[in-house]
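Reader: Hello! Could you take me on a close look at one helix and its packing partners? I would love a connected account that I can follow with the model open.

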Amino acid sequence: MTTTSTTARPTGFVRDTAAVYVRETRPLVRDPFSVVFSLVQPLVFLGLFGPLLVGASGGDVAGTLQWFVPGILVMVALFGTASTGANLLFEMQTGSHERTLVAPLSRSALLVGRALKEVVPLVIQGTIVVLVAVPFGFSLNVPGLVAGLAVLAVFGIGFGALSYALALACRNRDWMFWMVHQTLLFPLMILSGMLLPLEDGPAWMQVAAAVNPLSYLVDAERALLAGDFADPSVLGGVIAAIATCTIGVFVGVRSMRKAR
(Lines give C-alpha, C1' and ligand atoms only; values in the text may rest on other atoms or scores of the structure.)
Protein backbone atom coordinates (compact mmCIF):
# COMPACT_ATOMS: atom_id res chain seq x y z
CA MET A 1 0.00 0.00 0.00
CA THR A 2 2.82 2.40 0.90
CA THR A 3 4.67 1.70 -2.36
CA THR A 4 1.55 2.36 -4.46
CA SER A 5 0.89 5.69 -2.72
CA THR A 6 4.48 6.85 -3.18
CA THR A 7 4.40 5.94 -6.87
CA ALA A 8 1.09 7.70 -7.46
CA ARG A 9 2.18 11.04 -6.03
CA PRO A 10 4.80 12.04 -8.60
CA THR A 11 2.53 10.78 -11.39
CA GLY A 12 -0.28 12.99 -10.08
CA PHE A 13 2.10 15.93 -9.71
CA VAL A 14 3.33 15.56 -13.29
CA ARG A 15 -0.23 15.27 -14.57
CA ASP A 16 -1.34 18.34 -12.61
CA THR A 17 1.72 20.32 -13.74
CA ALA A 18 1.02 19.40 -17.37
CA ALA A 19 -2.62 20.49 -16.99
CA VAL A 20 -1.62 23.86 -15.53
CA TYR A 21 1.07 24.30 -18.19
CA VAL A 22 -1.45 23.68 -20.99
CA ARG A 23 -3.93 26.07 -19.37
CA GLU A 24 -1.32 28.82 -19.07
CA THR A 25 0.08 28.44 -22.60
CA ARG A 26 -3.34 28.41 -24.27
CA PRO A 27 -3.60 32.24 -24.29
CA LEU A 28 -0.19 32.39 -26.03
CA VAL A 29 -1.45 30.09 -28.77
CA ARG A 30 -4.63 32.13 -29.18
CA ASP A 31 -2.79 35.46 -29.20
CA PRO A 32 0.81 34.92 -30.43
CA PHE A 33 1.17 38.62 -31.21
CA SER A 34 1.41 39.35 -27.49
CA VAL A 35 4.74 37.50 -27.46
CA VAL A 36 6.01 39.53 -30.42
CA PHE A 37 4.71 42.81 -29.00
CA SER A 38 6.63 42.30 -25.76
CA LEU A 39 9.81 42.31 -27.88
CA VAL A 40 9.46 46.05 -28.52
CA GLN A 41 11.60 47.11 -25.56
CA PRO A 42 14.55 44.73 -26.22
CA LEU A 43 14.52 45.62 -29.92
CA VAL A 44 14.50 49.33 -29.08
CA PHE A 45 17.59 48.79 -26.92
CA LEU A 46 19.18 46.80 -29.74
CA GLY A 47 18.34 49.41 -32.37
CA LEU A 48 19.12 52.57 -30.41
CA PHE A 49 21.72 51.56 -27.84
CA GLY A 50 23.62 49.26 -30.19
CA PRO A 51 24.76 52.03 -32.58
CA LEU A 52 26.10 54.04 -29.63
CA LEU A 53 28.22 51.07 -28.58
CA VAL A 54 29.40 50.64 -32.17
CA GLY A 55 30.56 54.25 -32.19
CA ALA A 56 32.31 53.85 -28.85
CA SER A 57 34.11 50.73 -30.08
CA GLY A 58 35.44 52.46 -33.17
CA GLY A 59 32.92 51.13 -35.68
CA ASP A 60 33.39 47.38 -35.15
CA VAL A 61 29.77 46.40 -35.79
CA ALA A 62 30.23 42.61 -35.75
CA GLY A 63 32.32 42.60 -32.58
CA THR A 64 29.90 44.93 -30.81
CA LEU A 65 26.92 42.78 -31.71
CA GLN A 66 28.69 39.64 -30.48
CA TRP A 67 29.11 41.41 -27.14
CA PHE A 68 25.73 43.18 -26.98
CA VAL A 69 23.19 40.64 -28.32
CA PRO A 70 23.76 38.08 -25.51
CA GLY A 71 23.04 40.85 -23.01
CA ILE A 72 19.77 41.60 -24.83
CA LEU A 73 18.81 37.91 -24.52
CA VAL A 74 19.31 38.13 -20.76
CA MET A 75 17.22 41.31 -20.79
CA VAL A 76 14.42 39.41 -22.55
CA ALA A 77 14.53 36.74 -19.84
CA LEU A 78 14.65 39.32 -17.05
CA PHE A 79 11.84 41.59 -18.23
CA GLY A 80 9.65 38.77 -19.50
CA THR A 81 9.69 36.68 -16.33
CA ALA A 82 9.78 39.54 -13.80
CA SER A 83 6.33 40.75 -14.88
CA THR A 84 4.57 37.37 -14.88
CA GLY A 85 3.25 37.93 -11.38
CA ALA A 86 1.03 40.69 -12.79
CA ASN A 87 -1.05 38.01 -14.53
CA LEU A 88 -1.56 36.25 -11.22
CA LEU A 89 -2.51 39.57 -9.57
CA PHE A 90 -5.20 40.03 -12.22
CA GLU A 91 -6.52 36.52 -11.64
CA MET A 92 -6.69 37.13 -7.89
CA GLN A 93 -8.59 40.37 -8.42
CA THR A 94 -11.13 38.71 -10.72
CA GLY A 95 -11.55 35.62 -8.51
CA SER A 96 -10.15 33.25 -11.10
CA HIS A 97 -7.22 32.26 -8.88
CA GLU A 98 -9.49 31.29 -5.99
CA ARG A 99 -11.41 28.94 -8.26
CA THR A 100 -8.12 27.37 -9.30
CA LEU A 101 -7.13 26.81 -5.66
CA VAL A 102 -10.24 24.70 -4.97
CA ALA A 103 -9.64 22.58 -8.08
CA PRO A 104 -8.31 19.03 -7.48
CA LEU A 105 -4.77 20.08 -8.36
CA SER A 106 -1.56 20.05 -6.37
CA ARG A 107 -0.60 23.49 -5.05
CA SER A 108 2.99 22.80 -6.08
CA ALA A 109 1.83 21.95 -9.60
CA LEU A 110 -0.05 25.26 -9.79
CA LEU A 111 3.23 27.10 -9.30
CA VAL A 112 5.54 24.84 -11.32
CA GLY A 113 3.14 24.68 -14.29
CA ARG A 114 2.91 28.47 -14.36
CA ALA A 115 6.68 28.84 -14.10
CA LEU A 116 7.32 26.36 -16.93
CA LYS A 117 5.05 28.40 -19.18
CA GLU A 118 7.62 31.20 -19.11
CA VAL A 119 9.99 29.05 -21.17
CA VAL A 120 7.84 29.29 -24.31
CA PRO A 121 7.83 33.07 -24.88
CA LEU A 122 11.44 33.32 -23.68
CA VAL A 123 12.69 30.88 -26.33
CA ILE A 124 10.59 32.45 -29.09
CA GLN A 125 11.65 35.99 -28.24
CA GLY A 126 15.31 35.10 -27.80
CA THR A 127 15.38 33.39 -31.19
CA ILE A 128 13.75 36.39 -32.87
CA VAL A 129 16.28 38.81 -31.34
CA VAL A 130 19.20 36.75 -32.63
CA LEU A 131 17.70 36.38 -36.11
CA VAL A 132 17.10 40.14 -36.30
CA ALA A 133 20.77 40.77 -35.43
CA VAL A 134 22.21 38.29 -37.98
CA PRO A 135 21.76 40.53 -41.09
CA PHE A 136 23.67 43.29 -39.30
CA GLY A 137 26.77 41.19 -38.71
CA PHE A 138 25.99 38.98 -35.72
CA SER A 139 27.62 35.56 -36.15
CA LEU A 140 25.12 32.83 -35.29
CA ASN A 141 26.39 29.69 -33.58
CA VAL A 142 23.38 27.36 -33.46
CA PRO A 143 24.60 24.96 -30.72
CA GLY A 144 25.65 27.96 -28.64
CA LEU A 145 22.25 29.59 -29.12
CA VAL A 146 20.43 26.41 -28.09
CA ALA A 147 22.60 26.05 -24.99
CA GLY A 148 22.24 29.72 -24.16
CA LEU A 149 18.44 29.59 -24.41
CA ALA A 150 18.40 26.45 -22.24
CA VAL A 151 20.37 28.24 -19.50
CA LEU A 152 18.06 31.26 -19.73
CA ALA A 153 15.02 28.96 -19.56
CA VAL A 154 16.24 27.51 -16.26
CA PHE A 155 16.81 31.03 -14.93
CA GLY A 156 13.42 32.17 -16.25
CA ILE A 157 11.55 29.40 -14.42
CA GLY A 158 13.08 30.46 -11.12
CA PHE A 159 12.69 34.20 -11.65
CA GLY A 160 9.12 33.75 -12.84
CA ALA A 161 8.37 31.72 -9.71
CA LEU A 162 9.76 34.57 -7.59
CA SER A 163 7.49 36.99 -9.45
CA TYR A 164 4.49 34.78 -8.63
CA ALA A 165 5.56 34.66 -4.98
CA LEU A 166 5.75 38.45 -4.91
CA ALA A 167 2.27 38.68 -6.43
CA LEU A 168 0.88 36.37 -3.75
CA ALA A 169 2.51 38.50 -1.06
CA CYS A 170 1.04 41.69 -2.57
CA ARG A 171 -2.36 40.30 -3.52
CA ASN A 172 -4.31 43.21 -1.97
CA ARG A 173 -1.71 45.85 -2.82
CA ASP A 174 -0.86 45.66 -6.49
CA TRP A 175 1.01 48.97 -6.21
CA MET A 176 3.46 47.20 -3.88
CA PHE A 177 4.17 44.58 -6.55
CA TRP A 178 5.09 47.23 -9.11
CA MET A 179 7.13 49.23 -6.60
CA VAL A 180 9.29 46.21 -5.73
CA HIS A 181 9.38 45.23 -9.41
CA GLN A 182 10.74 48.58 -10.57
CA THR A 183 13.03 49.06 -7.56
CA LEU A 184 14.86 45.78 -8.21
CA LEU A 185 14.67 45.38 -11.97
CA PHE A 186 16.78 48.25 -13.22
CA PRO A 187 19.62 47.94 -10.67
CA LEU A 188 19.83 44.23 -11.53
CA MET A 189 19.96 45.11 -15.22
CA ILE A 190 22.56 47.87 -14.97
CA LEU A 191 24.78 45.99 -12.51
CA SER A 192 24.90 42.92 -14.77
CA GLY A 193 26.99 44.50 -17.52
CA MET A 194 24.43 43.64 -20.18
CA LEU A 195 24.36 47.21 -21.54
CA LEU A 196 27.77 48.62 -20.64
CA PRO A 197 31.00 47.00 -19.46
CA LEU A 198 31.59 47.40 -15.75
CA GLU A 199 35.35 46.82 -15.76
CA ASP A 200 36.04 50.58 -15.73
CA GLY A 201 33.29 51.36 -13.23
CA PRO A 202 33.81 52.29 -9.57
CA ALA A 203 34.82 49.57 -7.13
CA TRP A 204 31.40 49.45 -5.44
CA MET A 205 29.77 48.69 -8.79
CA GLN A 206 32.13 45.81 -9.42
CA VAL A 207 31.42 44.43 -5.94
CA ALA A 208 27.66 44.70 -6.57
CA ALA A 209 28.07 42.97 -9.93
CA ALA A 210 29.96 40.13 -8.26
CA VAL A 211 26.89 39.27 -6.15
CA ASN A 212 24.42 39.81 -9.00
CA PRO A 213 23.48 36.45 -10.58
CA LEU A 214 22.62 38.22 -13.83
CA SER A 215 26.25 39.24 -14.35
CA TYR A 216 27.24 35.55 -14.43
CA LEU A 217 24.41 34.82 -16.85
CA VAL A 218 25.49 37.64 -19.16
CA ASP A 219 29.10 36.40 -19.23
CA ALA A 220 27.93 32.83 -19.88
CA GLU A 221 25.64 33.90 -22.71
CA ARG A 222 28.46 35.80 -24.40
CA ALA A 223 30.67 32.74 -24.26
CA LEU A 224 27.95 30.32 -25.39
CA LEU A 225 26.71 32.41 -28.30
CA ALA A 226 30.32 32.67 -29.47
CA GLY A 227 30.55 28.86 -29.36
CA ASP A 228 33.10 28.88 -26.54
CA PHE A 229 31.66 26.11 -24.37
CA ALA A 230 34.95 25.65 -22.49
CA ASP A 231 34.99 29.21 -21.15
CA PRO A 232 34.92 29.18 -17.30
CA SER A 233 32.12 31.78 -17.32
CA VAL A 234 29.75 29.14 -18.73
CA LEU A 235 29.93 27.15 -15.50
CA GLY A 236 29.30 30.30 -13.49
CA GLY A 237 26.22 31.09 -15.55
CA VAL A 238 24.86 27.55 -15.23
CA ILE A 239 25.33 27.65 -11.45
CA ALA A 240 23.62 31.06 -11.24
CA ALA A 241 20.68 29.81 -13.34
CA ILE A 242 20.25 26.63 -11.29
CA ALA A 243 20.53 28.53 -8.00
CA THR A 244 17.90 31.06 -9.13
CA CYS A 245 15.61 28.27 -10.30
CA THR A 246 15.98 26.29 -7.06
CA ILE A 247 15.39 29.26 -4.78
CA GLY A 248 12.58 30.63 -6.92
CA VAL A 249 10.64 27.37 -7.14
CA PHE A 250 11.13 26.70 -3.41
CA VAL A 251 9.87 30.15 -2.41
CA GLY A 252 7.08 30.07 -4.98
CA VAL A 253 5.81 26.64 -3.94
CA ARG A 254 5.77 27.66 -0.26
CA SER A 255 3.84 30.81 -1.14
CA MET A 256 1.33 28.91 -3.25
CA ARG A 257 0.75 26.30 -0.53
CA LYS A 258 -0.02 29.08 1.95
CA ALA A 259 -2.34 30.91 -0.45
CA ARG A 260 -5.94 31.31 0.61
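Author: Happy to; here is a walk from the whole chain to one helix and its two partners. This is a predicted model, in which local features need pLDDT of at least 70 and side-chain atom pairs count only at pLDDT 80 or more, while totals for chains, interfaces and linings use all residues. Residues are numbered from 1 along each chain as its sequence is written, and side-chain values use heavy atoms, with hydrogens and water left out.

The protein has 13 helices and zero strands; helices (H or I, at least four residues) and strands (E, at least two) are DSSP runs, numbered from the N terminus. Of its 260 residues, 43% are buried, where buried means under 20% relative accessible area, exposed over 50% and partly exposed in between, with a 1.4 Å probe and protein chains only. Among contacts with a separation of 6 or more, 79% join residues 24 or more positions apart (contact means heavy atoms within 4.5 Å).

Now to helix α4, residues 61-82, and its partner helix α9, residues 142-169: their axes come within 8 Å and cross at roughly 25 degrees. Axes are lines fitted to C-alpha atoms, for helices over the stretch in contact, and angles run from 0 to 180 degrees between N-to-C directions. That angle makes α4 roughly parallel to α9; angles under 35 degrees count as roughly parallel, over 145 as roughly antiparallel, 65 to 115 as roughly perpendicular and the rest as oblique. On the α4 side, L73, V74, A77, L78, T81 and A82 take part, meeting L145, L152, F155, G156, F159, G160 and S163 of α9. Sorted by class, this contact holds nine nonpolar, four polar and no charged residues. Here Ala, Val, Leu, Ile, Met, Phe, Trp, Tyr, Cys and Pro count as nonpolar, Asp, Glu, Lys and Arg as charged, and the others, Gly among them, as polar.

The other partner is helix α10, residues 174-190, which packs with α4 at an angle of about 170 degrees, the axes being 11 Å apart. The two helices are therefore roughly antiparallel. In this contact, α4 brings M75, L78, F79 and A82, and α10 brings F177, H181, L185, F186 and M189. The classes here are eight nonpolar, one polar and no charged residues. L78 and A82 of α4 thus appear in the contact with α9 and also in the contact with α10.
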